[in-house]
Amino acid sequence: MSSVSDLFSIALMQGFNGLSTFSVLLLMALGLAIIFGQMGVINMAHGEFLTLGAYTTYVLSEVSSRWAPWLSAYYFFLALALSFVIAAALGLMVEHLMIRHLYRRPLDSLLATWGLSLILQQAFRSTFGAREVSAKLPEWLMGSLEPTASIDIPINGLLVMGLTLTLTSGVFIALFKTRWGVRVRATTQNRAMSGAAGINTRRVDRLSFGLGCGLAGIAGAAFTTIGSTGPTSGSLYIVDTFLTVVFGGAESLIGTIASAFSIAQAQATTEFFLTGSMAKVLTLLAVILILMARPEGLFTLKVRR
Amino acid sequence: MPVHSASPLLPLVPSSLSSRWASVLAGIALILSAPLLGCSKDTKAAAVESTALAATPAAKPAGAGPRVLAVTDKVVTVGQLHSATGTMAISETGSIQAERLAIDQINASGGILGRQIEIIQEDGASDWPTFAEKANKLLVNDKVAAVFGCWTSASRKAVLPVFERENGLLYYPTFYEGLEQSKNVFYTGQEATQQILAGLDWLYKEKGAKTFFLIGSDYIWPRTSNKIARKHIEKVLHGTVLDEQYYPLGHTQFGSLINKIKLQKPDAVYAIVVGGSNVSFYKQMKAAGITADKQTLLTISVTEDELLGIGGENMVGFYAAMKYFQSLDNDNNKAFVKAFKEKYGDKSVIGDVTQAGYLGPWLWKAAVEKAGSFEIDKVVAASPGIELTTAPEGYVKVHANHHLWSKLRIGQVQETGQFKVLYESGLIEPNPFPEGYQ
């Protein structure tokens, strides 16, 4: 059997695992927290923006291995940036062509974005084939740190964690310390009044939607280190993403963070003592019970309507 | 469909909630039902229908005696029923391609009983009721002489009653959990005991494995397979199963599972994870430092197709137990791989199920020629005992229980995304209802 020091190592790695799951949940929910939480648009195509980031990484990995082998150890950072740009660009386009006509019709936006997600999935399938692809990731990224012989800390987990920390602080600063943030929050709280106060709510909406999609793109690129890249890969994440945002209280960013943290810890802890399927059942059951008692989610903004 | 599943939720939402919350609930209901949808396409209309003739001069109208089949003096029509769209398109594309290749080759060599084969392709769209509906269409409207199709057990179970009622003929290419035998189905992939027992024996003999950790995605095939594996480990090998773990389909976080493996330190991990989860599982194993130099792992759910998504470098050194690998070194296989690449491009890969799909039309041809007729009952009666010496996997023979005698191979993952074949068993008798293993 395992010695005490082994058990300690496992406990430590399990703690890291919980934090790692937390970062993954938060990273994928961040974009949606802006689009759904701040703007109230139910973006069912959020998963496909993740997929777009993943495919961007794949294409870049192919390009760099063919034409620029010297880049292949570091192309991943370029992929993160490019994923943001491409996903945000598509987001802006979608907002202009579709979403802006639907701000007052949330149910229609749900159907429209769901249609969009089907269209995007088929577009991925037609472009890259129905089979999954694999971006060749730099060797250093797929290794682990070994502070002692029995402890392995995955580097890709650290990367996702670092990225989540950076982006979340970035969004926080943007929302609460910049003029754009003031406008977004004002628009969230009272669209008509904000408009009357001279805020260009159209512009705010457009930028927010683009930003949310861009964040999804980055998340998708980061997830190539821990998950699959295929036409329907994004749909693996979409349920958990909505769950995180709704459970936290849609309009509160702190809520999203708290919700990602509690779901991840509940999941990681129960998973270790039960089987994976049972852990999922218990976590979802807990979320349902809490939402029944507190339908507005963990955190709410007090807003006069 | 999604509208129906969503709308009953709406009245349940307390009126104090904003309409946005109601929408979210509806949205979630929609997501859950999303895999049920997909667009279907008929690649070819049933043009042959009007010219449908009886297979034999004595045939009577359907329902009274043998079913009328779409066979003319020049053409015989068959059906192809796979998911070309939806989540299963990832896996089923290979089967579609292989069956088409086989049919093209048969046509080029003169067809069957002097008739060219025409294909009516239907899309099951990854949705099981759609499979049943399309099977009905192929058998009743198109009157096809045989159907090559299905991939998941769920889709096969959905079409089985249709095939039995209409007396159709299905060639099913996937390795599966066994526990089934039908007059109307031929199983060209391996059933569970063929794929599992010899692989475990190999782990025991070659790797000295006494303790095992069983992992699976949470549905029928992995659970049944692991049940057989556990019985074999405990009763025959006298080893120990340290743990048996299941994760939902589509699960993406395997950190806890990986820590359990580290805690238990099994001699061998036996993994049956499928779909997108597969990729997450192996990438996270590698990143957590569980690599082939430290841990023996044998899987029965990773073929060359799945390796494309996982990346050979993320799984290098682990083992897979299959009846076929693209790298098999024999003349049949070399010709098959060459023909496949000529038709579908140099980059295409061929997995176990793809090869099994390729066997279907050839086995059907052999049976029809032996029977001298396309009539279902005669073809079925002629099938047992048929040998295929031209099979890419080497040699197969149809058993009276409609499964194939075949070999099992152990392949080791190479960085290139191919397998290096390390071991080959003798011909294994198919045994879909293994006694003492249930």
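Here a colleague asks and a modeller answers about a predicted model with chains A and B.

Colleague: What kind of model is this, and how are its parts numbered?
Modeller: Residues are numbered from 1 along each chain as its sequence is written, while chains are lettered from A and ligands numbered from 1 in the order in which they are written. This is a predicted model, where local features need pLDDT of at least 70, side-chain atom pairs count only at pLDDT 80 or more, and totals for chains, interfaces and linings use all residues.

Colleague: How many residues does each chain give to the contact?
Modeller: Two residues are in contact if their C-beta atoms, placed from the backbone, lie within 7 Å. On that basis chain A gives 51 residues and chain B gives 48 residues.

Colleague: Which helix of chain A supplies the largest share of the side that touches chain B?
Modeller: Helices (H or I, at least four residues) and strands (E, at least two) are DSSP runs, numbered from the N terminus. Helices 1 (4-38), 4 (106-128), 5 (155-177), 9 (235-248), 10 (253-273) and 11 (276-293) of chain A each supply at least two residues. The largest share, seven residues, comes from helix 1 of chain A.

Colleague: How many nonpolar, polar and charged residues does that side of chain A have?
Modeller: Ala, Val, Leu, Ile, Met, Phe, Trp, Tyr, Cys and Pro count as nonpolar; Asp, Glu, Lys and Arg count as charged; the others, Gly among them, are polar. By these classes, the side of chain A that touches chain B has 23 nonpolar, 20 polar and eight charged residues.

Colleague: Which residues touch the most other members of the largest nonpolar core?
Modeller: A nonpolar core is a set of buried Ala, Val, Leu, Ile, Met, Phe, Trp, Tyr and Cys residues joined through C-beta atoms within 7 Å. A residue is buried if 20 or more other C-beta atoms lie within 10 Å of its own, exposed if 12 or fewer, and partly exposed in between, with C-beta atoms placed from the backbone. The largest core has 195 residues, and the two that touch the most other members are V147(B) and Y270(B).

Colleague: Which element gives this core its largest share?
Modeller: Domains 2 (49-190 + 338-396) and 3 (192-322 + 407-424) of chain B each give the core at least three residues. Those bounds come from an automatic or database domain assignment. The largest share, 13 residues, comes from helix 1 of chain A.

Colleague: At what angle do helix 5 and helix 6 of chain A pack?
Modeller: A174(A), L175(A), F176(A) and K177(A) in helix 5 meet W180(A), G181(A), V184(A) and R185(A) in helix 6 (residues 179-189). Axes are lines fitted to C-alpha atoms, for helices over the stretch in contact, and angles run from 0 to 180 degrees between N-to-C directions. The axes of helix 5 and helix 6 of chain A are 5 Å apart, and the angle is about 75 degrees.

Colleague: What does that angle make the pair?
Modeller: Angles under 35 degrees count as roughly parallel, over 145 as roughly antiparallel, 65 to 115 as roughly perpendicular and the rest as oblique. So helix 5 of chain A is, relative to helix 6 of chain A, roughly perpendicular.

Colleague: How far apart are the centres of domain 2 and domain 3 of chain B?
Modeller: Chain B is divided into domain 1 (2-36), domain 2 and domain 3. Domains 2 and 3 of chain B each put 15 residues into their contact. Taken over C-alpha atoms, their centres are separated by 31 Å.

Colleague: Is H238(B) buried or exposed?
Modeller: H238(B) sits in the loop between helix 7 (220-236) and strand 7 (240-247) of chain B. Its phi is positive, near 55 degrees, in a residue other than glycine. Because it has 9 C-beta neighbours inside 10 Å, H238(B) counts as exposed.

Colleague: Where is L113(B), which has a positive phi?
Modeller: L113(B) is not a glycine, yet its phi is about 50 degrees. It has 14 C-beta neighbours inside 10 Å and counts as partly exposed. Its place is the loop between helix 3 and strand 2 (116-123) of chain B.

Colleague: How many residues of helix 8 of chain B are buried?
Modeller: The buried residues include G255(B), L257(B) and I261(B). Helix 8 (residues 255-264) is largely enclosed by the rest of the structure, because the buried residues number eight of the ten.
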